[in-house]
Amino acid sequence: MKTQRSFAVRVSSVLLILLVTWSGAVTQGPELPDPGRVGMTKEQQEQLGLKAMAEVYKQMPVLPDSSPVTRYVQDLGRRLETVIPSQYSWPYQFHVVQQKEINAFALPGGPIFINVGTINAADNEAELAGVMAHEMSHVYMQHSAKQMPKQEWAGILSALGGLLGGGIGSLARAGIQFGAGTLLMKYSRNDEAQADSVGAVIMYRAGYDPKQMAEFFQKLEQQAGNGGPQFLSDHPNPGNRVAAVEKEIQDWPSRRYLATSQQFVNAKQEAARTKSYSAQQIADGAQRGLWAQQNVQSGAVPKGLPVDESEGPGSRGGGTLNNVSLTQIRPSSSFTQLRGRDFAIAYPDNWRAFQDSNSGGVTIAPPTAVAQGSIAYGVIMSAATPNANTLDDATQDLVQTLEQSNAGLRATGSPRPVSVNGVNGRSVDLVGTSPVQQNGQPMRERDWLITLPRQQGDLLYVVFVAPERDFDQLRPTYEKMLQSLQVR
Ligand code: ZN
């Protein structure tokens, strides 16, 4: 049996959000709020952002800074940036992704990416400035740092950085590869309301009509289709965006707002001529390593991005996790639903799903339990194409493949029948070596494998992973996940 290869994870949530405005030398009028305190330093946020940015350049086609579209967006960004008081500002940088769908995202510490599709969709400069101001405001308010503690970010970034390896994690070597674009994290509606509110101040101070920002989002809502939903699913509508901005600005001194510039018109024409790709094409290209190559060749990759030392097949050893314990990863009893192309599963809402839009494979894990290509707690789902006539043989073949690719892994019994929502599958217990260390020694790991035949003739397999010590405490969670699993 061959396990299916390739499996790029989409981290559109690692891809965070924000926004700001430019300076029209306003002496009166609204001030930007105090962004508040977070557990991460500025430097830590910036470093995380740069690491995530390095992933972006592997996962997406990005225009080089020499592109007229990028130059225009960067000029606009500078104009917005100058209205932010320096003590609250960030090293903002602006780049354009060659993607058709309307979207934009911000990384911690300042990098902001705008899709070509967003520029195409903007009817005037203020609308585009509004998207950028909104993204800048997510950074300004440090929403990503407020949403996740540092150790979670560290887990996510190392997950992004390479293949899973070590322990059962090197299952992933056969099936699962993390990339940027699929980490499922979203801004809350409260974050959205804040980003609109801060964005409105930035807009005003930079000379743009703040209402244009909210109206653009409302327009996306009405259009649906054409990528609008993607932006709105990353940036959920807090409700009455336009009314909220109108209320916010009602007492501000009236001022004359900037009209659309000729530069905007030119950049929009340029954007319409720029080669852009669908989300699906981008995911496919990322799997083939196309964008990493293209971004280097075009000179799009900014200098000074952190180098990923884990490139290349087989170059990665298993990581270790020294201080992960059950208390840190304890699953929430509240579950959230993940729908893949041909499966659906519920999982604890304080864990994260890393999903590959091409293969449909998924890893679901607490971010603190993923490091350096290893997963200590969580669930790996992938597909295998059996070269066997019976489910028992196919399962045995898979077990053998897993044992061969995971040193120390072995089955402790034969496959037993199991029924999952009416589908007859097999269940196998395995033991292996956990990436979690105790007194410098790896702990024993328990892995619970479920195989399920699918209509198209392949096998969906699911592996529930935990150190042996903790497995029984997680079993109810894993059983609840399994009970929710639907395969098509
Ligand atoms: Zn947002």
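**Exercise 1. Determine how the donor residues of the zinc ion are spaced in sequence, and which atoms they contribute.**

Solution. In this predicted model, the donor residues of the zinc ion follow the sequence spacing H-x3-H-x53-E-x42-H. The protein donors are His 134 (NE2), His 138 (NE2), Glu 192 (OE), Glu 192 (OE) and His 235 (ND1), at 1.9 to 2.5 Å from the ion, where donors are N, O and S atoms within 2.8 Å of the metal (3.2 Å for Na, K and Ca), and water is not among the atoms, so sites may look incomplete. As a next step, place two of these residues in the fold: His 134 belongs to helix H4 (residues 125-140), while His 235 sits in the loop between helix H10 (228-234) and helix H11 (241-249), so that the pair, 101 residues apart, links distant parts of the chain; helices (H or I, at least four residues) and strands (E, at least two) are DSSP runs, numbered from the N terminus. Finally, both His 134 and His 235 are buried, buried meaning under 20% relative accessible area, exposed over 50%, and partly exposed in between (1.4 Å probe, protein chains only).

Two notes on conventions belong here. Residues are numbered from 1 along each chain as its sequence is written, and side-chain values use heavy atoms, with hydrogens and water left out. Because the model is predicted, local features need pLDDT of at least 70 and side-chain atom pairs count only at pLDDT 80 or more, whereas totals for chains, interfaces and linings use all residues.

**Exercise 2. Describe how helix H9 packs against H8 and against H11.**

Solution. Two packed helices are described by the angle between their axes and the distance between the axes. Begin with helix H8 (residues 189-206) and helix H9 (residues 210-223), which pack at an angle of about 135° with their axes 7 Å apart; axes are lines fitted to C-alpha atoms, for helices over the stretch in contact, and angles run from 0 to 180 degrees between N-to-C directions. H8 and H9 are therefore oblique to each other, given that angles under 35 degrees count as roughly parallel, over 145 as roughly antiparallel, 65 to 115 as roughly perpendicular and the rest as oblique. On the H8 side the contact (heavy atoms within 4.5 Å) involves Asp 196, Gly 199, Ala 200, Met 203 and Tyr 204, and on the H9 side Pro 210, Gln 212, Met 213 and Phe 217. Sorted by class, this contact holds six nonpolar, two polar and one charged residues, with Ala, Val, Leu, Ile, Met, Phe, Trp, Tyr, Cys and Pro counted as nonpolar, Asp, Glu, Lys and Arg as charged, and the others, Gly among them, as polar.

Turn next to H11, whose axis comes within 8 Å of that of H9 and crosses it at roughly 170°, and H9 and H11 are therefore roughly antiparallel to each other. Here Pro 210, Lys 211, Met 213, Ala 214, Glu 215, Phe 217 and Gln 218 of H9 meet Arg 241, Val 242, Val 245, Glu 246 and Ile 249 of H11, a set that divides into seven nonpolar, one polar and four charged residues.

Close with Met 213, a residue of helix H9, which counts as buried because its relative accessibility is 0%. Met 213 also lies 6.5 Å from Val 131, C-alpha to C-alpha, although 82 residues separate the two in sequence.

**Exercise 3. Establish which strands pair with E16, and whether the residues of E16 are buried or exposed.**

Solution. Two strands pair if DSSP finds at least two bridges between them. Strand E11 (residues 378-385) is joined to E16 by seven bridges and runs antiparallel to it, with Val 379 having Phe 464 as its bridge partner in E16. Strand E15 (residues 441-453) is likewise antiparallel to E16, over nine bridges, and Pro 453 has Leu 459 as its partner. E15 and E16 form a hairpin with five residues between them, and Gly 457 in the turn has a positive phi of about 95°.

For the burial of strand E16 (residues 459-467), nine of its nine residues are buried. In a regular strand the side chains alternate between the two faces of the sheet. In E16 both faces are covered, with Leu 459, Tyr 461, Val 463, Val 465 and Pro 467 buried on one side and Leu 460, Val 462, Phe 464 and Ala 466 buried on the other.
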